[in-house]
Structures are given as structure tokens and as C-alpha cells.
Amino acid sequence: MIEFLVNGRIEKVDQVDPNLSILEWLRTKMRLTGTKEGCASGDCGACTVITGTPDHQGNIRYEAINSCISLVGSLHGKELITVEAFQQETGHPVQRGMMEKHGAQCGFCTPGIVMSLIALHANKEATGQGDDQLLEALSGNLCRCTGYRPIMAAGRQALVQEWTPEADHPAAALSSGTGSPELSAIHRDSITLTAPDGPRYDSPVSLEELRELRRAFPDSRLVAGSTDLALEITQQLKTLDHLISVERVAELKAYAREGDELVLGAAATYQQFHKALCDLWPAFDAMLERLGSLQIRNRGTVGGNIANASPIGDMPPALIALDATLVLDGPDGERRLPVEDFFHGYKQTDLKAGEFIHSVRVPVPKTHEQLYIYKISKRLDDDISAVLGAFRLTVEDGVVANCRLAFGGMAATPARAPKAEAALTGQPWNDDSVTAAMTALAGDFTPMSDVRASATYRQQVAGNLLRRALLSSGANPGEPLMVTDYA
């Protein structure tokens, strides 16, 4: 059985299909139909709800998430707030702003937009309240009526207004940020959710429990944020027989500096480790802001992005460029290997039966080291990469003493470019050397053509990203830099 709050009321759920999304549960079981289904893939944001997750200190972290790709089992011990919580006559400042600024047209996308802005309003003291924060909050919400200007105006108006609900308001805890007594009373033990016809969902709370489950069920599927795995359910219409969630295992959610490495737990979300990683390597900042939407970053995890083994995953090329190390765990104990050795082929990894990713160890910068990360995609926000280039360079006295050049989208796996590295290493960091490396790059990859880009385009843009790094570094100050911070 799982327990959680829905709009201030305790819900207990047992004997339900673990493949059920939060969205489907809301609409079919609870008849809370204000939350809409648009894409069922986490792209449009019409299904946005807010979850409140308590940490070990009892503080509640409220986040906007896509309910269409979040599974119902992930709700245990959390608070769920839907648009129905804001039906009172006075409304929320966001609702008033949307009405006064004419931010709704057909209205289908409006509940999701309202929930995204309410989540931003609740966190405005921590995140700020400028246009940058508004754009980030709305990056995962699409409006087919093209009402973005009045929606932005509504957000600006709402963020400078306070909201002080009555104590009995279904979302009163959202305003105080302290959570409710009912939430704190829910047990924190491991749970198992089953369906009458067989599918099972386990959510252990300790590393040892996870190891035992993986030993007993080596063919089970691991799930963290489910931002990709759930697509097998919603898009491919699969039924997953046995899921084991890692999101409540404390050891896998931690992230901390250990000596000359930053250790990121596999179940740590992008939003959680964003600042810690970007403080060390600022190049991650712009890339992480474009990794999915805020709803996706609130759920997606570094371990999931790596284990998914997609050739166009955003994190692996950067981690390969940094020579990061994976810590793998399982029934036979712990082992380590470089991230670049983890990928064997398309969707094929080095994981053995029963193993899972425990953490990734990212080295801290050394003297003269620089990291450049560039993502190329068809649209700026919430899109999958066509090509991603990540380059770690050590330039001493104008000479490339060492380099690691990694790409995503150029092969069946994220991979380094050894011929281009050889052409650049030991050479002056200038246009001639970069041109030579671009030529050598043609021998490193034979990219494919697909809906995102042609092979010719990928080959050309991969080389151009090397030149972009040169221009960004200021090594050729006489040449104008005709690029922005975003690809």
C-alpha cells in the first residue's frame, strides 16, 4: 500500500497497476480532470502538477512535474497538488493574473501553465522572480494558441503578489513550505505495490534492500524519475512486469565533494545537483538549462541518463570529456570503470545481471583546464540533441597540452574523437590547429542521417563546434565571435 496527500487529503492506494501514470490515476480513478493529457511524453506540459517531497530534515521541496510520465508508485510519502486545489473564489495570484492579462484562449494548456507558475511563485524566494525564472518555469509548457506574451505578463504580475490562504486550503502547505502533519505521519518504510494481474513495483529505502531485490529479480527494470522509461508505457503501450524504484534510497540521492571529485548519486536529479556541478564546471550551466524542461529536470536523474545508453543523451559526452568514473553496485559488490567504457553499442552497456549505477565521480578542474559544452538541437528549449560536443582542454602557454573531445549524436554511442585529439594535442591553440583537428574528425565518425539532422550536417557542425570553442576562449581575439551562449 502507498500513502500520500492529494490536495490536503490522505489517499491510500493498494492493488493498482504500477504502470499507471499519475495523470491517468487522477483522471480515471479520482475524476480530477483539470489536469490534461496532451502528448503523454513530457513535452507539452498540459499535465503539470506540483509534488511536495520531504527531505530528511522535514523540509518540503515543491516542484512542478509532468504527471503523464510519473508513475503512481512514486507518490508514496509525498504531497500532490493539482489545479483543483485552487477553485476558491479568491483564487491564486497566478489565476488572477491569467484572467486580467487574458493569458488563456482555448484553455487546454492553461491548467498546466497555472501549475508551473504557482510552483515558481512558491519557490520565488529561492529562485528569484525575473524574466529568466519565468522563462525557465514555462519552458516545458506549450500553448498552441500562441498566448505567450500575456502569459508572461500574468506571471510578472503574480510574482510580486503574496498569497496567504486560509489554514484549511487544500494547498495551504504550499504557501508555508513546512508541510502538513498528515504528511509527516506517513511511514518512510519500503513499499511494494502490486496489481491483481501481476505487475509489481518495489520502492526500497536502503542500499542493502536494493541489492537484495536485484539479486532476487535480476531482470527487473530500475526506475528513478521515469522521464524516459515511462515512454515505453505511454508511447509503446508496454506493460512492465516488475519495476524497482531507486528514488528513495538515500545513498543514491546524495551528492557531495570528496577530495578532488564531486560524487553525484545516481538518483540525484538534475535540479538537485545543478549548482554543485556548475560551481565547479560552469560550462554545464547552459547545457543543463536546455536538458528537457524544468519539469523534466525536477524528475530526471544523472544515473538514468547514463544507464539509458542513448547516443544522444546530454550528460554522457560531457562526463566522458571529463574522464569521469562510474561506480557500479550489485549482488557481487562494487566496481568502478570510466564512463567512456560503460557503453558497448547502441543501448548496450557494461552492466551485469543485477547491477545498478550507484554514483558518478566527476573530477574537479585542474590548473589551465577548460570545459566547453555545446548542444545543437532544432529548438532552444525542451528538445533532444542532434549533436552535442564536449571538450576538455588544457592549454599552457598557448599550446594544447592535453585534450579530450567527446560527442553525442555522431555514433551508436557517445564517444571520443581520438584522431582529432591527436591532431590537436601538442599544437598551438589557434585556427590552423583547429582546422587540422576538424579535418581529422572526419576519420573519427561516420554519422547517420535521421529526422534530427543529416550525416553531412552532423559532420560539419561537429567540426564547427571545435572552432566555436576556440573563438569562445578568446585565443583569436582578432576574429569576431558571432555566436550566442546557446546553439
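**A hairpin, two cores and a set of salt bridges**

Strand 6 and strand 7 form a hairpin with five residues between them, and glycine 198 in the turn has a positive phi of about 125 degrees. Here helices (H or I, at least four residues) and strands (E, at least two) are DSSP runs, numbered from the N terminus. The model is predicted, so local features need pLDDT of at least 70 and side-chain atom pairs count only at pLDDT 80 or more, while totals for chains, interfaces and linings use all residues. Residues are numbered from 1 along each chain as its sequence is written, and side-chain values use heavy atoms, with hydrogens and water left out.

The two strands of the hairpin run antiparallel and are joined by four bridges; strands count as paired if DSSP finds at least two bridges between them. Threonine 194 stands opposite arginine 200 of strand 7. Along strand 6 (residues 191-194), Ile191 and Leu193 point to one face and are buried, whereas Thr192 and Thr194 point to the other and are not. Buried means under 20% relative accessible area, exposed over 50%, and partly exposed in between (1.4 Å probe, protein chains only). In a regular strand, side chains alternate between the two faces of the sheet.

Turning to the interior, the largest nonpolar core has 40 residues, and Phe284, Leu288, Met315 and Val360 have the most contacts inside it. Such a core is a set of buried Ala, Val, Leu, Ile, Met, Phe, Trp, Tyr and Cys residues joined through side-chain atoms within 4.5 Å. At least three of its residues come from each of domain 3 (255-363) and domain 4 (369-477), with bounds taken from an automatic or database domain assignment. A second, separate core of 34 residues includes Ala85, Ile118, Leu120 and Leu159.

Charged pairs complete the picture. The whole structure holds 27 salt bridges, each a side-chain nitrogen of Lys or Arg within 4 Å of a carboxyl oxygen of Asp or Glu. One of them joins glutamate 247 and arginine 299 (3.1 Å, N to O). Glutamate 247 lies in the loop between strand 9 (242-245) and helix 11 (250-253), and arginine 299 in the loop between helix 14 (294-297) and helix 15 (302-307), so the pair ties together parts 52 residues apart in sequence. Both glutamate 247 and arginine 299 are buried. Another salt bridge links arginine 467 with aspartate 431, their closest N and O atoms being 2.9 Å apart. Arginine 467 belongs to helix 19 (residues 455-473) and aspartate 431 to helix 18 (residues 431-441).
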